[in-house]
Amino acid sequence: MQRGTKSKPSILKFRIMSVSSEEKDYPASNLLTPKKGNKGWQCQRFCVFPQEVILAFPQTSHISSMQLLSHQSKISTKIDILVARAPGEGFSGDVASLIFKKIGYFMLSNNESSNFQSRELKTVYIDSNAAFLKLVMHKPHMNAVNLFNQVGIIAVIFFGESKGGAIRGVGQGR
């Protein structure tokens, strides 16, 4: 008798739907191309926390896990993960109409031990179906290198499987 084979999760494409704020030289669009030398996303200087980044997948997907590479000194103390299902037929692309459900959170190190030289890579197991995902970054760890009280993400990658048809109002992403 042959055992059922489970397909290996692939990297899921996504696009940026909205951000609370972004520094001019570090837009959220930098998260769409995780490559060496990427500067990533950073919130505005002296912004109000929490900060949010809302991502959309081209299709409803089963997200098995996420890898997030944090900035070496602009480090959020905590990041919440929320997901939303595909909206109904009349979705106009307005993220305010989405209903998000918190599925968890993770904490990041203050990075003092590396003198703010090393980036922290977190792998988070999600195991959830979603069309949209929201990352909520809380206030940063205070340190002498983060002069403008910012948080930053260098890269984010999602692993899983696409499940459904295209979501109206979303379009294609990375």
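This is a short tour of a predicted model, moving from the overall fold to its aromatic rings and then to one lysine.

**Start with the whole chain**

Show the protein as a cartoon and colour it by secondary structure. You will find eight strands and zero helices, so to speak an uninterrupted β-β-β-β-β-β-β-β when read from the N terminus. Of the 174 residues, 46% are buried. If you switch on a surface, about 9500 Å² is exposed, with carbon and sulfur atoms supplying 50% of that area. For a contact map, keep this in mind: among contacts with a separation of 6 or more, 79% join residues 24 or more positions apart.

**Stop one: Phe46 and Phe148**

Now select the aromatic side chains; the whole structure holds three aromatic pairs. Zoom in on phenylalanine 46 and phenylalanine 148, an edge-to-face pair with 5.7 Å between centres and 85° between planes. Which parts of the chain does this pair link? Phenylalanine 46 belongs to the loop between strand 3 (41-42) and strand 4 (51-70), while phenylalanine 148 belongs to the loop between strand 7 (121-137) and strand 8 (152-166), 102 residues apart. Phenylalanine 46 counts as exposed because its relative accessibility is 56%, over the 50% cut-off. Phenylalanine 148, at 28%, counts as partly exposed.

Keep phenylalanine 148 on screen and add arginine 45. The charged end of arginine 45 sits over the ring of phenylalanine 148, 3.8 Å from its centre.

**Stop two: Phe57 and Phe158**

Next, select phenylalanine 57 and phenylalanine 158. Their ring centres are 5.4 Å apart and their planes meet at 90°, so this pair is edge-to-face. Phenylalanine 57 is in strand 4 and phenylalanine 158 in strand 8, so the pair ties together parts 101 residues apart in sequence. Are these two residues buried or exposed? Both phenylalanine 57 and phenylalanine 158 are buried. Add Phe14 to the selection, and you have a cluster of Phe14, Phe57 and Phe158 linked by ring pairs.

**Stop three: Lys39 over Tyr26**

Select lysine 39 together with tyrosine 26. Lysine 39 lies over the face of the tyrosine 26 ring, 5.0 Å from the ring centre.

**Last stop: Lys134**

Finish with lysine 134, in strand 7. Lysine 134 counts as buried because its relative accessibility is 14%, under the 20% cut-off. What is lysine 134 in contact with, leaving aside neighbours within four places in sequence? Expand your selection to Glu52, Val53, Ile54, Asp80, Ile81, Leu82 and Phe100, and you have its contacts.

Methods. Residues numbered from 1 in each chain as written. Predicted model: local features only at pLDDT ≥ 70, side-chain atom pairs only at ≥ 80, totals over all residues. Heavy atoms only, no water. Phe/Tyr/Trp six-rings, centres within 6.5 Å; stacked < 30°, edge-to-face > 60°. Helix = DSSP H or I, 4+ residues; strand = E, 2+ residues; numbered from the N terminus. Buried < 20%, exposed > 50% of the residue type's maximum accessible area, 1.4 Å probe, protein only. Lys NZ or Arg CZ within 6 Å of the ring centre and 35° of its normal. Contact = heavy atoms within 4.5 Å. Areas by Shrake-Rupley, 256 points an atom, 1.4 Å probe, with all protein chains shown as cover.
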